[in-house]
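Trainee: Could you take me through one part of this model closely, namely the cysteines, and then set that part against the contacts between the chains?

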Amino acid sequence: MTEYAAQDHDPLALESELPSSPMTVNLGPSHPAMHGTVRLVLTLDGETIVEAVPEIGFLHRGFSKSSENSTWTQVLPYTDRLNYVSPYLNNVAYVMGVEKLIGLKVPERAEYIRVLTGEISRITDHLTCIGAIGLELGAFTVFLYAIEARELLWDRIAELSGARVTVSWMRVGGCANDIPPGWVEKLVECLPRVLELTDEIDVLLTRNRIFVDRTRGIGVIGGDEAIDWGFTGPCLRACGVNYDVRKAHPYSVYDRIDFEVPLGSNGDTYDRYVLRLEEIRQSHRIIQQCLEQMPPGPIIVDDWRYALPPKKDVFSSIEGVMAHFKLIMEGIQVPPGEIYAYCEGANGELGFHIVSNGKGKPYAIQVRAPGFPILSGLPRLIKGHMVADIIPIFDSINMIGGEVEQ
Amino acid sequence: MSDGGAPKTPGTQPAAVSTGGGQAGAAAGQASIAAPPKTVRLEVDGRPVEADSRDNLIEAARRIGVQIPYFCYHPRLSIAGQCRMCLVETSDAPGRLVPGCQVRVKEGLKVVTTSPAVKENQRGCMEFHLVNHPVDCAICDESGECKLQDYYMEYDHQPTRIRTYKLNKPKREIFGPLVVYDAERCIMCTRCVRFMDEIAQEPQLAVVQRATYSLIATFPGQPLDSKYSGNTVDICPVGALLNRDFRFQSRVWFLNKSPSVCTGCANGCNVYVESRGTVAYRELPRRNEEVNQVWMCDEGRLTHHPVNDNRVEWARQGRGDAAESVGPRLAVERAVELLKPLAGKGGIGIYISAQSTMEEAAAALLLGKELGAERYFLGGKPACDEDEFLIRADKNPNTRGVKLAGEAFGVRVEDRPPEGVKAMFAMRTDGLSDAVAQRLELLVVASQNEDEATRAADVTLPCMAVYEQDGTLVNWYGRLQRVWPSVPAQRGDTAPGWLWVERILAGLGYTHQVKSTSVAFQLLSARSADLAELTLERIPEQGVVLPRLLPAEWPKRAPRPSAPQAPRGPQTTPPGTKVGDEASGGSR
Amino acid sequence: MAQSLIDLLRETHPDAIVSTPGHRGDEVVVVRREQLVDVCRFLKEDPRTDLKLLAQIAGVDLLTYATEATGGGALASIEVPAYDLERKRPVEPRYQVAYNLGSVVKKHRLRLRLELRSDDMKIPTVTGIWRTADWWERYIYDMFGVEFVGHPNLTRIMMYPEFQGFPLRKDYPVRKRQPLVPELDFPDLVRGPGPGPGGAGVPMSQTHVGRANVDPDAYD
Ligand code: SF4
Ligand code: SF4
Ligand code: FES
């Protein structure tokens, strides 16, 4: 009793921290805030993170092995499932790789459709990310707004491909179908609502005191270091590094489209969030330009070595049935070679390293998922922060378990 | 992998051997060259080729991996020049196209296979071949191994320009017991006609009608009943001739192709067994110059039926209606219980069917030794007709092998129905009659199929088919050939015969540890001078000849081992060919 | 642009280059393993090259590159018959490891490639040059069994530690089943607490649930 009273007189003693021994805590793999199934083994000193070891592989589906045993076209559904919030971008990155191996030129309309759907996917991906940050920091409204906007777009995607997330809609040499009549009008109708919801989120979060306190200066990384860790996409641009594959190595028709690459300056969670918000608006610009510029015409190459013949020919001519049969059963005969094809995915550079031995199946294929190097840098981002900061940081890198763990 | 990393494919190096016509046993129609073959240097698409002087342009180009498409040419048949698919340009006839199948190599000749004229001819040729072709791929058994499909994708790949009706022709002409013909799909390459004339030497097919109405037909009252008719199905480049046994049974791309040796007769033709899951679907000949060239007989094509049908699947004990499936362990225990009191007491016989592999025979002999068996009997299917080419009278694949194994173990294997024993163990029951089985007091069998003997047996152990297991067989002239587990499936309790013996031996208290086929083979190689130094793994794919066993007399046309020399064709599959193509050694 | 990179490399590291098999606009340099670290450091730090981004490390097993049968679609290859594996012919150098590099400033790309013999699958690590190499090298190790000498923590990344074999090697059958992993008998903070010595629970491997590791010779 007397000891207690003695301490009472020294205010500094009360403020000083008690020495604590490091504690190991498991976060995940099945924690609601750990998107996908990632496990973090944290070593804590009190609330402070001393060390973090991410462990992945819980969601490993053997993407490469499965793909090596499927025809070139059968790989497409596997690519959807790499990043299920922006599947079109994955489709495009993969078919671009195959087309590069073949040396195939895709019809212009198909290129515009690819850009268009790709940017819709980018918006849905970013909305998911922003919604999740909001949700997990307690702003449930934001989540609802983001999901409403996302659903509007996913409905459009479903009208196009028949599926909300597992679209498998691109084909080597073009895309599976043309845009159905009336679809563009519906898209144009829903886009303002998407923007409006984005603005609402902006108003709700960007200057929200709680949100800013929890994100600004949290998870900071410098530009050089970020490159060293292999960061690309919004996470790299948030550090002020101007690197966007769409601008650096313009593919498809991006060189004909006018858009800006927003940049951050601090490389913290807040910048990553704001950057995504701005990218949504830029994507919206791209979509509008696509709709204006899109020419009529074929949506897939007219070469039966690569594209399935029209059903009319399949059912009524031997040429059509043979081409159809060979493409389905033996696959497109892609000339031998090795390439690395990449495009700007929603979270960074999305690449496929593909080797063909001239047969109907990919001989070797490995994906460069943007999230993989970013997740490897997660310990660097969270070290020294509080346990509670893990969640916003983790949200802001938008790790997608499907692609990271393949 | 453009040029840096790709390993050199076998086909890109000039091979030291000929792939062309003019080989021993080649078609009679090909002009025979008296002078010995020599090397000829020419140029194909600007690349130098060293060819055999007997080569035609197709074979010369194949040496460096350049593919000249063809339908009617076949390395073992005479040249017909029917299809015009093989036209190329040469320096001898500038501005004109010459058939690559008919033109022989010539010193310094320059061959062009990629010029616009050649390409246009190939495309046009395909278009003409398809003018009257039915839209049948979906119901055509040839789909997936059809030359029309392959070449269409490679040389044509254009939509049709024909706006008229297609010509209708007979769709299902039953040519003979094994072959059915679809005239609409036929491209009139006449390979089948030439095969029957030149190889089977039973001219049973002919071309009738003219021009676009022409079709292949048999003679009135004379069906295509040659024992080699199945080969016409193989060499038909399209789905015009089909195997009636295989028709509509499976799509070919689902099948697993695996090398094996035919169990139909003592010739031991090398085959591919094609299977899916537990079911074997067909046999196709595999090239072995010294056994079957690239052919096989019709009977051999049906040898997968005993693998699929009427199998003993579960180990059981008890005779006839009293039999019950008890699982492998109890069945073996029962066999041990029955055999143990008799061991060393005499009266035991061992029956070895010549359908067994060498390893199974060795294991059975080992069991006999340990039990102190008095007599050993050779069983098997009864002899039947034979001919001068491939078909042997002995319908068992391993008669020589069982005899050899008997010699190795120093026992006399009697080639007669079993008698004079009270108890018997039978390694496969082919030829074991009901009468014999009923006379025995005790009968333990390892059997593949249900038959009279399994009904009478006290213990029945299900045995794997030869196509399902590792092992070796010795053909009629003493060639030791390897078989592989071609049909991957396991049914019920089935196990290789040698494994059943090993289990029984273990139950009897002997420790031989025959745990693998290699060890079972060593039982023999350790005892026999003929097999000394051989191990299962060291037997080449083409088999080895055991010189001591070579017979003195040979049927007139039977392929026979030659002095060791370079084989005729590329051993590995050249790029762009399928396993079993005539180019890679099969007959297709 | 990238061609000048190769020329530059030829000047500065003449003996490091084996060949430059570019394809479809991708510039590729096959380098000798001994000089890999030198070349990498140079490529990253020299302002003329500035390849600061290591985008990916990918691997290729060439075992069946030339022999894989034509066609067959998806189904034919699923069951690899035993004889097929047995008869696979050795290919050397069997493995390739590709480093896809990029510069975010100069916007050019380069691929380094190493060729490895299957009897000597060691590569010096480049984790000291690019931080991101850490996980990529673990990935290649995990999938192909390539050893990165000097890597700080060369453990499996996608597969679990008890996994047997290397899944992206071409002789690893697609349908291969892995043996069940017995529950660890000691409390392990990394793999999760097991029953512990003297603990109440019986290891799962000894219950009916985990009865997979039965004697392979037993026949029933
Ligand atoms: S023969 Fe060939 S092209 Fe004709 S129907 Fe049959 S598979 Fe198709
Ligand atoms: S049936 Fe077949 S082999 Fe005979 S001519 Fe017609 S296509 Fe040729
Ligand atoms: S192959 Fe020469 S004409 Fe048919």
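Mentor: Let us begin with Cys190(A), which has a relative accessibility of 5% and therefore counts as buried. The model is a predicted one, and every value that follows is computed from it. The closest cysteine sulfur to that of Cys190(A) belongs to Cys290(A) and lies 15 Å away, which is too far for a bond, given that a disulfide requires two cysteine sulfur atoms within 2.5 Å. Cys343(A) can be read in a similar way: its relative accessibility is 1%, so this residue, too, counts as buried, and the nearest cysteine sulfur, again that of Cys290(A), is 14 Å away, with Cys343(A) in no disulfide. Over all chains, the count of disulfides by this rule is zero.

From the cysteines we can turn to the contacts between chains, beginning with chain A and chain C. Here 60 residues of chain A are in contact with 58 residues of chain C, and the area buried between the two chains is about 4900 Å², with carbon and sulfur atoms giving 55% of it. Seven salt bridges are counted between chain A and chain C; in a salt bridge between these chains, the side chain of Arg111(C) meets that of Glu338(A) at 3.7 Å, taken from N to O. There are also 24 residue pairs in polar contact between chain A and chain C, both residues of each pair being at pLDDT 80 or more. Several elements of chain A each supply at least two residues of the side that touches chain C, among them strand E3 (48-55), helix H5 (87-102), strand E7 (348-356) and helix H16 (371-376). The largest share of that side, five residues, comes from E6(A), a strand that spans residues 337-345. Sorted by class, the side of chain A that touches chain C has 26 nonpolar, 20 polar and 14 charged residues.

The contact between chain B and chain A can be described in the same terms. It brings 21 residues of chain B into contact with 20 residues of chain A and buries about 1800 Å² between them, 74% of it on carbon and sulfur atoms. One salt bridge is counted between chain B and chain A, and Lys326(A) forms a salt bridge with Asp150(B), where the closest N and O atoms are 2.2 Å apart. Two residue pairs are found in polar contact across this interface, both residues being at pLDDT 80 or more. On the side of chain B that touches chain A, the largest share, five residues, comes from helix H3 (residues 147-156) of chain B, and by class that side has ten nonpolar, seven polar and four charged residues.

How values were computed: Residues are numbered from 1 along each chain as its sequence is written. Chains are lettered from A and ligands numbered from 1 in the order in which they are written. This is a predicted model: local features need pLDDT of at least 70, side-chain atom pairs count only at pLDDT 80 or more; totals for chains, interfaces and linings use all residues. Side-chain values use heavy atoms; hydrogens and water are left out. Contact means heavy atoms within 4.5 Å. Buried area is the accessible area (1.4 Å probe) that two parts lose on being put together, summed over both. A salt bridge is a side-chain nitrogen of Lys or Arg within 4 Å of a carboxyl oxygen of Asp or Glu. A polar contact is a pair of N or O atoms within 3.5 Å; within protein, one must be able to donate a hydrogen and the other to accept it, and residues adjacent in sequence count only if both atoms are side-chain atoms. Helices (H or I, at least four residues) and strands (E, at least two) are DSSP runs, numbered from the N terminus. Ala, Val, Leu, Ile, Met, Phe, Trp, Tyr, Cys and Pro count as nonpolar, Asp, Glu, Lys and Arg as charged, and the others, Gly among them, as polar. Buried means under 20% relative accessible area, exposed over 50%, partly exposed in between (1.4 Å probe, protein chains only).
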